[in-house]
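Q: Please take a close look at one buried position in this chain and at its surroundings, then place it in the fold as a whole.

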Amino acid sequence: MKNHLVRTHRSAEHFPREHHLAWQIAEVATDPVEVAPEIAEMIVNRIIDNAAVAAAALSRRPVATARDQALAHPYRPGATVFGVAGRFSPEWAAWANGVAVRELDFHDTFLAAEYSHPGDNIPAILAVAQHAGRTGRDLLRGLATGYEIQIDLARSICLHEHKIDHVAHLGPSAAAGIGTLLGLETETVYQAIGQALHTTTATRQSRKGEISSWKAYAPAFAGKMAVEAVDRALRGEGAPAPIWEGEDGVIAWLLGGPEVEYSVPLPGPGEPKRAILESYTKEHSAEYQSQAPIDLARRMREQIGDLDQIASIVLHTSHHTHVVIGTGSNDPQKFDPGASRETLDHSVPYIFAVALQDGGWHHERSYAPERAKRPDTVELWRKISTAEDPEWTRRYHSTDPREKAFGARAEVTLKSGEVIVGELAVADAHLLGARPFGRDRYLAKFRALAEGVLEPAEQDRFLEVAQRAGELSADELPQLSFTVTPDVLARAPRSPKGLFR
């Protein structure tokens, strides 16, 4: 890996294009390096994971709304949309599938200077692959780039500190991945990256206060913008430049300011794109920083015994966890029994309370309105707070995979004065956890989430195709989707008619 120093440059300053971060990313995207077998295997795992969580979300209202919008844009050759037959304009397929993948907050994650869900790259890159008649080998190369770029940006450029939403790293990574997929020239990818960043930079209010369905739509929007940016760049249209380093660019006005310098690691020429191996998927449908606390609650449940005897619980954890999903956020909504699913998903006090009571977590039951309003749950929930611990913050930012952790230490004080302490560094599903995810667990997750949604034969067909994704011909690539019966689609609430249909 080579570190690239990135800072603001005055307009009058000599700053050659080949030094722009967007150009350096484009060079990584256009490097013809092959995908190593272990990387290809993990990409297949994440394709299966994305499809699993999309299947479970298929009848939820935001997903149905996005799907209806896509269905209003049939197109040939086009791309597939989860749940239905037919082909649709690729940017709208990326949109619909992106919402389905993100809706339950149940797919992969990478956390460093910034948060990211690198699996959000898959819907856009896959849609373009299907539309453009590319092969499975092309798809895997594109996805390796998408993962690499988003993770490398997340390693080094903090967005949330400046209240910018993390999808600002996704637009450029998806555009770069599409560039790899299509074998585009560096100049074209450079322009697409600049356009994608410019159109996907927004505030973090989508994940603050009253969190709405836009939390799921935001990454889908970034993927859609990346597809459109590549289309414009192919037609010869340019982007603001230098997009990150310009005097009125992203760093100067949206991030650290003109005096700040970032060091962004990127693969060198001929170096494999391996970043996906440092990301991790979820066993539980909740924000990633609550994965270890859920597993910790399961462990401590028997040790505590009668939960009515709890006087207070303090979760000592990292700065990120404290201020994003903990009491350091100062969001009263995180303690509101009538809060949206999206808000509860970002409330570790709620999540820890329910996991303690139930001994586990479920993507639907744990968020049900009647579950959140249970009096004993509300009582326990409001006894829980978070506190920043510098050691957990340090481990959060560690670059050593053996030390990097997103866990917590729970101090449970009983009414008797007794204090029970438990600690867990990484989730059970983490590569270093008690039960790390391998192919068998990805398959099991798909089967569990597809139960009652996909017919067994359709599950079998999809998994057979997905497991040989890298070998698929252009004619076979559209099979990397699934359909469901009309009664499954009919479960979704109907939204009012919009502009398109």
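A: The account below starts with one residue and moves outward to the chain. The model is predicted, so local features need pLDDT of at least 70 and side-chain atom pairs count only at pLDDT 80 or more, while totals for chains, interfaces and linings use all residues. Residues are numbered from 1 along each chain as its sequence is written, and side-chain values use heavy atoms, with hydrogens and water left out.

Val-128 lies in helix α5, residues 121–132; helices are DSSP runs of H or I with at least four residues, strands are E runs of at least two, and both are numbered from the N terminus. Val-128 has a relative accessible area of 8% and is therefore buried, a term that means under 20% with a 1.4 Å probe and protein chains only. Leaving aside residues up to four places away in sequence, Val-128 touches Ile-178, Leu-181, Leu-182 and Val-227, where contact means heavy atoms within 4.5 Å. Gly-171 is 43 residues from Val-128 along the chain, and their C-alpha atoms are 14 Å apart.

Helix α6 covers residues 136–156. Of its 21 residues, 19 are buried.

The protein chain as a whole has 20 helices and nine strands. Among its 501 residues, 63% count as buried. Of the contacts between residues at least 6 apart in sequence, 75% join residues at least 24 apart. Along its principal axes the C-alpha trace spans about 70 × 55 × 45 Å.

How values were computed. The expected span of a helix is 1.5 Å times one less than its number of residues. Buried means under 20% relative accessible area, exposed over 50%, partly exposed in between (1.4 Å probe, protein chains only).
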